[in-house]
Amino acid sequence: MGNANDESSSKYKEFILQFLDKFKAGVGLMAMVIVMSFLSDRFLTLPNILNIFRQVSIMGIMAVGMTMVILAQGIDLSVGSLMALSGAVTAGMMVHGDISIFLAVLTGLAVGTALGLFNGLMISKAKLPDFIVTLAMMSIARGLTLVYTGGRPISGFDLAFRRIGGGRVGRVPIPVIIFTVILIIGYLVLNKTTFGRYIYAVGGNKKAARLAGINTDRVKILVYAISGFLSAVSGVILISRLNSAQPTAGVAYELDVIAMVVLGGTSLVGGKGTVGGTLIGALIIGVLNNSLNLLGVASFYQEVAKGLVILVAVLLDSIQHRD
Amino acid sequence: MGNANDESSSKYKEFILQFLDKFKAGVGLMAMVIVMSFLSDRFLTLPNILNIFRQVSIMGIMAVGMTMVILAQGIDLSVGSLMALSGAVTAGMMVHGDISIFLAVLTGLAVGTALGLFNGLMISKAKLPDFIVTLAMMSIARGLTLVYTGGRPISGFDLAFRRIGGGRVGRVPIPVIIFTVILIIGYLVLNKTTFGRYIYAVGGNKKAARLAGINTDRVKILVYAISGFLSAVSGVILISRLNSAQPTAGVAYELDVIAMVVLGGTSLVGGKGTVGGTLIGALIIGVLNNSLNLLGVASFYQEVAKGLVILVAVLLDSIQHRD
Amino acid sequence: YDVGLAISTLENPFFVDLADGAEETAEELGVNLTVVDAGDDAATQMNSVEDLVIQGMDLVAINPVDGDAIVPAIEEADMMNIPVITVDRGAETDVTAHIASDNVEGGMMAAEYIADQLENEGRLIELEGVPGTSAARERGEGFNEVMDEIEGIEIIDSQPADFSRSEGMSVMEDLLEAHEDIDAVFAHNDEMALGAIEAIDAAGLTDEIMVVGFDAIDDALTAIEDGTLEATIAQQPEEMGRLTVEMAVQLLDGEEVDEFVPVPLELITQ
Amino acid sequence: MADKLLEMKNISKSFPGVQALSGVDFNIDKGEVHALVGENGAGKSTLMKVLTGIHPDYEEGKIIYKGKEVRFSKPAEAQKSGLAIIHQELELIPELTVAENVFLGREPGRGWINKRKLKTDTKEIFADMGIEININKKIKNLTIGKQQMVEIARAISQDAEIIAMDEPTSSLSQQEVKILFDLIEDLKEEGIGIIYISHHLEEIFEICDRVTVLRDGYKVKEQAVADTNRDEIVRQMVGRDVEDRFPDFKMDDGQPIFEVKNLSVPDLIEDVSFEVNKGEIFGLAGLMGAGRSEIARAIYGIYKKRTGDIYLEGKKLDIQSPGDAIDNGVYYLTENRKEEGLIPELSVGENMSLSILEQLTFVKGVISKRKEKNLVKDFISKLDVRTPGPWKLIKNLSGGNQQKVILGRVLSTDPKLIIMDEPTRGIDVGAKHEIYKLIKELASEGVTIIFISSELPEILNLTSRIGVVYKGKLQGIIDGDEATQEKIMSLATGGSS
Ligand SMILES: Nc1ncnc2c1ncn2[C@@H]1O[C@H](COP(=O)(O)OP(=O)(O)OP(=O)(O)O)[C@@H](O)[C@H]1O
Ligand SMILES: Nc1ncnc2c1ncn2[C@@H]1O[C@H](COP(=O)(O)OP(=O)(O)OP(=O)(O)O)[C@@H](O)[C@H]1O
Ligand SMILES: O[C@@H]1[C@H](O)[C@H](O)CO[C@H]1O
Ligand SMILES: [Mg+2]
Ligand SMILES: [Mg+2]
């Protein structure tokens, strides 16, 4: 296979290609940032940047879970309503349940995780299609939220609790810190652990993974449980930020969350993608919303612009070849 | 390969298996119908049955297009907003445009088809992910509808036009007739034409299809155009039935439409499924909504019940093995 | 009696109160009440009204998503000789009875209060409810009628924000970019008003712009206490629900009822 | 005979990190069978893909077909001009039937499919070929061998002037190979040019007129088959002498270590019992579809409805899943590399370490990249995997090298028993020889091996005893010294020994 010189040069080329491949989702984002920094001098200020990060953190946290689900060749449509339910339960526990903040939050997280686990069990053990199971869960959790809250918002939390969503460390909002920590953990899990490797293997070729001795059911169950857990985390942050648990929070979030993941270059066919890409995808959505507001685009036109910009962003990315 | 006797017995077995496979989506529906006919004596009456069919016809028509898209390993999230836009354009043409009903409908259908075509082009020519392209289109079409209508409903159509959605032939509502015709055409296209065969081939193994000389791009473009066209048909029926074009019509319809297709046994991985299955899927959703109303289930619990019934329905179906 | 109640959306606490009022009264009077929710989708509402008709309800009460789009469903009920009452929002056709706040009056109350506070001078924004609902149209009508008379007051922009909090926020964000020196905002309901307040707060203009809403939902009352919301016109959704069931019973008993039953309103401030 | 049909001149094609073809010339005459041979990764398939429009982006060279220069931009164009190809990796649509696959893209009828004609035409093709097949069966329900026949039928039915056959016999039974060779004779007579790629070199001498040898993307030699011999071709392929015989091996009489008792899976296998000794290589023979793979898969814990017992080292094993099997020292190497072996989007290294990852950690669950790298490097050199590096995506390796990576995955777990299902399918002579040697080495180290193969010479020379499977039952076991092709065939077709 050629001499040593050839080898190293080809290795180098391969490396560059892989690097570009990793950051190709960044091209669209970069273009948006550059254009925006010319159009508005408020855009590239620290407060605005922190603002963007804070705005994407709630969906971004769910997107980290969704990345794992999609990598394992699944899909989770229930994230928005699990978020709403976990948030409502946490709120209910605090306001009516008269238990400590800590226990209330724990209960909320447990609810999200348990229902995510249930998703995973139905999908891997009962072998039902992911789409249907999580769609059904979306409906069930939404209904449970309405039943639990009686259709009315639950409001009025302790100041201590409100810090989770509203506080800052230095100038950095706490939700941004939580998001960052979860991103890093997500990155580590996917890249450094056996479980992460198994996620890629199951998503890349489930049959082969099983024959190689991997407990594919367990991998699937776990990713859904994680997704449920992270939805609950988002739910807690959200109610803290709004100082109110809305029974109808998170409607249609699933599409935006999936969009973040896919914009970040993760393939819906499974087995291919990164958490770093998801961060970029989340920022594309965040910068987009922020820009449309900064530029004062009228709300009807915002929808049109949003669609067009997303198209252009992925178009820029796809200057790289696929397949 | 064994003697003649063996072959014929295995052929027989194969046939039974294929038969069961085809109708396995029916088991869940059947169970629902049986249970309901005990719970409510209104359920199995002709008016109610026609009523259910009429109610599912609008989403059902879109589900026929979605079946083709999913069979070709795609996904179309824009159906709901293409429906709204086409309906609004038709309405606007009739009410403000002062042109004939026929031309107005034609314009509406052309808009839906053109935007569907655009979806297809972006997906196959620019090689962008289906999910992102049609999500972007969902946003664009929704925005265009708001811009076109100024956010206000357009109402007051000719009686002749209102017959499309409200009229009957004998006792059968016209939307049901249109739905039936589209189902039959869909069945014929998928089973009798080369185009239909190519849809299965592209969805089953795109690379192999290309190697067999099939113009895979054209197949993809066409299914999206068809999906856009059928969304527009639904839009026309809807505005006629409501005697009003609502700017926010069809929000979140895409999930229900996809659910119909998947409940009908069509695989989201592509290449596997039937239009007959989609009819069953549509009826599952239709019977479910109708039953919950007939039984007077309290509305918050309806959501919970809906999710649970869907789960049970697919669980019943999956008594058959998969993989 | 079997009575059906089709609500536009239970995602708004206002209607949850309305449904509660109806359910309580139904229990008291021994009425078998079925409530269906349309999730703010006109097509879904049409389907569920059809289901109620098929089910053989003696009377159907409707809180329409859209006044025009509900007409075909009402016509079907008519064909089956089932009386229809509309609640809170009207329909663009004749019904047996209509129960609602006097929304024109409510719009006027809001206008008069704002004009008073601004001493008849200022630049105003109007956030409209779901277009095509009588509630939105009538509140706008009453509001504009009063304001048109006052020279110093200018309504610089009216935009629909669909009675929703998130829409209210994003529309307000846009309007803040587009206009300067806004003195007051009138929102056709509290949800939109609360959304607008978020946008105003983010822009740091809380002290400069006063916001008035409509409904007096719980969150709005809290906001009034906090001083972020200036005032609201209290509707009595529970009362509407109660009246709906009572009237249904009267009608089915063969008694005469008024075609329009107004439900009293009240101005609430800090 | 110098009726030139096709000339490929100076073809060069590269992939990221690999120069797959360097200035290759290749031509073919009417009615000629021209063999193309070379090691795994030599560039054979790539040359065919350049020819048939699958890789239109070759950097250099020209193609002259019937006197005119052509450059097909997509497969459809090549097909229309009369070039058919039998793909090495079967390219069929699993959810469509045999008939639908054969005529895919060429359905009778204009837009509206004439199903009657489709079926009769398909039947006719298979009847002409002399093959029994249920043309209404979905492809996914056929054995790989039958799938390969479908692929062949499709190419032949195209009325092509040139047919490129990329390892058409890799999954065929002996009878089926014979059927194919008869077909090739007929095609020759009709003046059709055939390009024949195979790792079974004896086939070259049976049916080919000319042979071209590729090595590392270069053309090494082109000559008439009559002027050369097997050893010479092997030397040209590999660039050195290869001891092209089965390695000698003396088996000690080991102790029985592995035992299967009354193994059954409804509808697939029935009451299978046998014993294997420590360090023995036990063969499983049978016709395609006899159920050999099913026995292996049943042992490996793939079927839920299995009955019967399995013992290893006297201990009864409770194997409910492949993971259990591996933990107990049993590994199954699949016959279906593409569907069940590769994780295409993972690298060579990641594919290799997959089964032993739990042990390549510093704390539980956290991978030690250093340990992983060492292991992978080790096996890459031990098995001589031709790859620019462990980071290369496995999907971009040639078939033979992919197989070695999967073999590395198996060996990394240090198994006591390996069930190898057609382990040399699609492997070049040199590599095959290495694999034989490896198997022998493993056996002499005390690893027990069950060796499933459809190639009788291979099974006869390598194994000490041969179990023959017929319709899901173990029809008999033949001792190595007494085994002959005839005896095996007799059992494999339902006879007794
Ligand atoms: N799509 C691809 N991307 C990257 N490299 C490739 C691709 N296809 C082939 N290669 C590389 O090109 C070289 C030639 O591969 P090719 O498939 O032509 O070999 P081959 O002679 O057919 O081998 P085999 O006998 O194993 O089929 C190999 O090094 C292979 O790794
Ligand atoms: N997915 C499937 N659906 C239906 N039948 C199948 C399926 N897979 C295998 N079979 C059948 O099971 C039987 C056993 O096949 P198996 O693959 O075990 O044979 P084998 O002896 O290993 O031969 P091969 O060399 O082809 O692998 C065959 O009759 C085959 O047709
Ligand atoms: O009157 C009601 C309320 O104001 C509600 O907030 C929205 O819908 C209107 O019809
Ligand atoms: Mg090859
Ligand atoms: Mg086999």
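This is a guided tour of a predicted model, moving from the bound ligands and ions in chain D to the aromatic side chains.

**Ligand 1**

Begin by selecting ligand 1 together with its surroundings, where 19 residues gather and where D:G41, D:S45, D:T46, D:Q88 and D:N396 come nearest. Three polar contacts can be picked out one after another, beginning with a backbone N or O atom of D:A42, which lies 3.2 Å from an oxygen atom of ligand 1. Next, look for D:K44, which brings a polar side-chain atom to 2.9 Å from an oxygen atom of the ligand, and then for D:N396, where a backbone N or O atom lies 2.5 Å from an oxygen atom of ligand 1. If you display the surface, keep in mind that ligand 1 taken alone exposes 640 Å², of which the protein buries 87%. Colouring by secondary structure shows β2 (18-29), α1 and α14 (399-412) of chain D as the elements that each give two or more residues to this shell, and the largest share, 3 residues, comes from α1 of chain D.

**The magnesium ion, ligand 4**

Now select ligand 4, a magnesium ion, and ask which atoms coordinate it. They are OG of D:S45 and OE1 of D:Q88, at 1.9 to 2.0 Å. Following the chain between these two residues takes you from helix α1 (residues 44-51), which holds D:S45, to the loop between β6 (83-86) and α3 (98-102), which holds D:Q88, so that the pair links distant parts of chain D, 43 residues apart. The two residues also fall into separate exposure classes: because buried means under 20% relative accessible area, D:S45 at 17% is buried, whereas D:Q88 at 24% counts as partly exposed.

**Ligand 2**

Move on to ligand 2, which is surrounded by 14 residues, the closest being D:G289, D:R292, D:S293, D:E294 and D:E335. A polar side-chain atom of D:R292 lies 2.4 Å from an oxygen atom of the ligand, and a polar side-chain atom of D:E294 lies 2.7 Å from an oxygen atom of ligand 2. The backbone takes part as well, since D:G291 has an N or O atom 2.8 Å from an oxygen atom of ligand 2. On its own ligand 2 has 630 Å² of accessible area, and the protein covers 72% of it.

**The magnesium ion, ligand 5**

Select ligand 5, another magnesium ion, which is coordinated by OG of D:S293 and twice by OE atoms of D:E335, at 1.7 to 2.7 Å. D:S293 lies in helix α9 (residues 292-299) and D:E335 in the loop between β16 (330-333) and α11 (337-341), so the pair ties together parts of chain D that are 42 residues apart in sequence. D:S293 is buried at 11% relative accessibility, while D:E335 is partly exposed at 23%.

**Aromatic side chains**

For the last stops, show the aromatic rings, among which 8 aromatic pairs are counted over all chains. In chain A, A:F157 and A:F161 meet edge-to-face, 5.4 Å centre to centre and with 85° between their planes, and both are buried. In chain C, C:F14 and C:F15 are likewise edge-to-face, at 5.1 Å and 90°, and both of these residues are buried. Return to chain D to find D:Y300, D:Y331 and D:Y332, which form one aromatic cluster. Finish with two arginines: C:R139 lies over the face of C:F214, 3.9 Å from the ring centre, and the charged end of D:R71 sits over the ring of D:Y58, 4.0 Å from its centre.

Terms used
Residues are numbered from 1 along each chain as its sequence is written. Chains are lettered from A and ligands numbered from 1 in the order in which they are written. This is a predicted model: local features need pLDDT of at least 70, side-chain atom pairs count only at pLDDT 80 or more; totals for chains, interfaces and linings use all residues. Side-chain values use heavy atoms; hydrogens and water are left out. Rings of Phe, Tyr and Trp (its six-membered ring) pair if their centres lie within 6.5 Å; planes under 30 degrees apart count as stacked, over 60 as edge-to-face and the rest as tilted. Buried means under 20% relative accessible area, exposed over 50%, partly exposed in between (1.4 Å probe, protein chains only). A charge sits over a ring if NZ of Lys or CZ of Arg is within 6 Å of the ring centre and within 35 degrees of the ring normal. Donors are N, O and S atoms within 2.8 Å of the metal (3.2 Å for Na, K and Ca); water is not among the atoms, so sites may look incomplete. Helices (H or I, at least four residues) and strands (E, at least two) are DSSP runs, numbered from the N terminus. A residue is near a molecule or strand if one of its heavy atoms lies within 4 Å of it. A polar contact is a pair of N or O atoms within 3.5 Å; within protein, one must be able to donate a hydrogen and the other to accept it, and residues adjacent in sequence count only if both atoms are side-chain atoms. Accessible areas come from the Shrake-Rupley method with a 1.4 Å probe; for residues, only the protein chains shown count as cover.
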